[in-house]
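Please find below a few numbered points to read alongside the sequence and the model. They are meant for someone opening this structure for the first time.

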Amino acid sequence: MLRPVSFYYLRHGQTDWNLEHRAQGQQDVALNHTGRMQAVRAVPKLLGKGIASICSSPLARARESAAIIASALSLPVVIVDDLKEAAWGVFEGQTKGPWFNRWKEGQSHEGAEPYEAFVDRALRGINSALREQAPVLIVAHGGTYWAVEKHTRVSLKEDIPNCTPVLHRPPTAGQEGWLVEAIS
């Protein structure tokens with residue numbers, strides 16, 4: 001179960017592999033120039049939101065996005081290993097194809113983390129981040145966000161955009177379900 005506290009989620013900035021539609025998985029792919037600029041442009045959207053903690057995946061693309069924002073907010077970045085993207089084994093670096101849907105349906109392939117185990121790990125990472133002083137900004141990956149979607153029962157219908165902060169508010173009395181709002 002997802003800890004019932006408000007938080008912000010930000011998918012890392014763009015990488016060259018995003019442009020090429022390659023499955024990055026746990027490959028430590030760096031941000032490209034556009035990705036760094038996306039992180040810079042996210043800063044004004046997060047100023048004045050009272051963010052007290054920033055937690056990040058240890059992978060370079062998330063760490064660098066978090067560092068850009070943390071510098072502007074004068075906050076340290078807490079690295080949470082369980083926020084890493086899924087391990088896709090032999091398909092890392094490949095374009096997404098039929099293997100990807102089969103993996104999400106539970107089929108395994110060489111070196112891959114099983115889908116359900118990944119979502120459980122991602123939820124552990126998110127809950128670990130949410131133990132930090134609130135409100136927390138979590139900087140991680142599109143795949144890691146699937147755990148948020150599963151446990152809030154809210155789906156963005158598409159991949160979470162690079163460097164678009166999304167606010168999540170837990171259910172309250174008289175409110176059914178989580179409220180999710182992209183910050184533009």
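**Notes on the predicted model**

1. Start with Q133, which counts as exposed because its relative accessibility is 56%. The model is a predicted one. Q133 sits in the loop that joins α5 (115–129) to β4 (136–140). Leaving out residues up to four places away in sequence, Q133 touches A52 and S53. From Q133 to A70 the separation is 63 residues in sequence and 15 Å in space, C-alpha to C-alpha.

2. The loop between α5 and β4 also holds P135. The peptide bond leading from A134 to P135 is cis, and its omega is near -5 degrees.

3. Helix α5 has 15 residues, which should span 21 Å at 1.5 Å a residue; the C-alpha atoms at its ends are 21 Å apart, so the two figures agree. Buried in α5 are Y115, F118, V119, R121, A122, L123, G125, I126, N127 and A129. These buried residues pack against β2 (53–56), α4 (98–104), β4 and α6.

4. Which residues touch the most other members of the largest nonpolar core? They are F7, Y9, W88, W103, I126 and I138, in a core of 31 residues. At least two residues of this core come from each of β1, α4, α5, β4 and α6. Helix α5 gives the largest share, seven residues. As a general tendency, nonpolar side chains in soluble globular proteins are buried together.

5. Y9 has a long list of contacts once residues up to four places away in sequence are set aside: L137, I138, A140, H141, T144, Y145, V148, I160, T164, P165, V166 and H168. Apart from the largest core there is another, of 18 residues, which includes I51, A70, L167 and I183.

6. Helix α3 covers residues 60–73, 14 in number, and reaches 19 Å from first C-alpha to last, close to the 20 Å expected at 1.5 Å a residue. Its buried residues are A60, R61, A62, S65, A66, I69, A70 and L73. They pack against β1 (7–11), α2 (33–46), β2, β3 (77–79) and β4. After α3 comes S74, with a positive phi near 55 degrees.

7. Is S65 buried or exposed? S65, a residue of helix α3, counts as buried because its relative accessibility is 0%. Beyond its neighbours within four places in sequence, S65 is in contact with H12, G13, L31, A39, V139 and C163.

8. C163, one of those contacts of S65, lies in the loop between α6 and β5. With a relative accessible area of 3%, C163 is buried. Its phi is positive, near 55 degrees, although C163 is a residue other than glycine.

9. Helix α6 is largely enclosed by the rest of the structure, because six of its eight residues are buried. The six are Y145, W146, A147, V148, E149 and T152. Among the elements covering them are β1, α4, α5, β5 (166–169) and β6 (179–182). R153 follows α6 and has a positive phi, near 60 degrees.

10. The largest pocket has a volume of about 420 Å³. Its lining is made up of 27 residues, and R11, N18, Q24, K96 and D159 lie nearest its centre. Two or more lining residues come from each of α1 (16–19) and α6 (145–152). By class, seven residues of the lining are nonpolar, eleven polar and nine charged.

11. Two residues of the loop between α1 and α2 can be taken together. H21 is found in this loop and counts as exposed, at 59% relative accessibility. The phi of H21 is positive, about 60 degrees, although H21 is not a glycine. A30 is found in the loop between α1 and α2 and is partly exposed, its relative accessible area being 44%. Apart from neighbours within four places in sequence, A30 is in contact with T15 and A60. A30 and V180 are 150 residues apart in sequence, and their C-alpha atoms are 28 Å apart in space.

Terms used
Residues numbered from 1 in each chain as written. Predicted model: local features only at pLDDT ≥ 70, side-chain atom pairs only at ≥ 80, totals over all residues. Heavy atoms only, no water. Helix = DSSP H or I, 4+ residues; strand = E, 2+ residues; numbered from the N terminus. Buried < 20%, exposed > 50% of the residue type's maximum accessible area, 1.4 Å probe, protein only. Contact = heavy atoms within 4.5 Å. 1 Å grid on protein atoms, 1.4 Å probe; cavity = no way out; pocket = protein on both sides within 12 Å on 5 of 7 lines; lining within 4 Å. Points joined across faces, edges and corners; volume = space filled by probe spheres on them. Nonpolar A, V, L, I, M, F, W, Y, C, P; charged D, E, K, R; others polar. Expected span 1.5 Å × (residues − 1). Core = buried A, V, L, I, M, F, W, Y, C linked by side-chain atoms within 4.5 Å.
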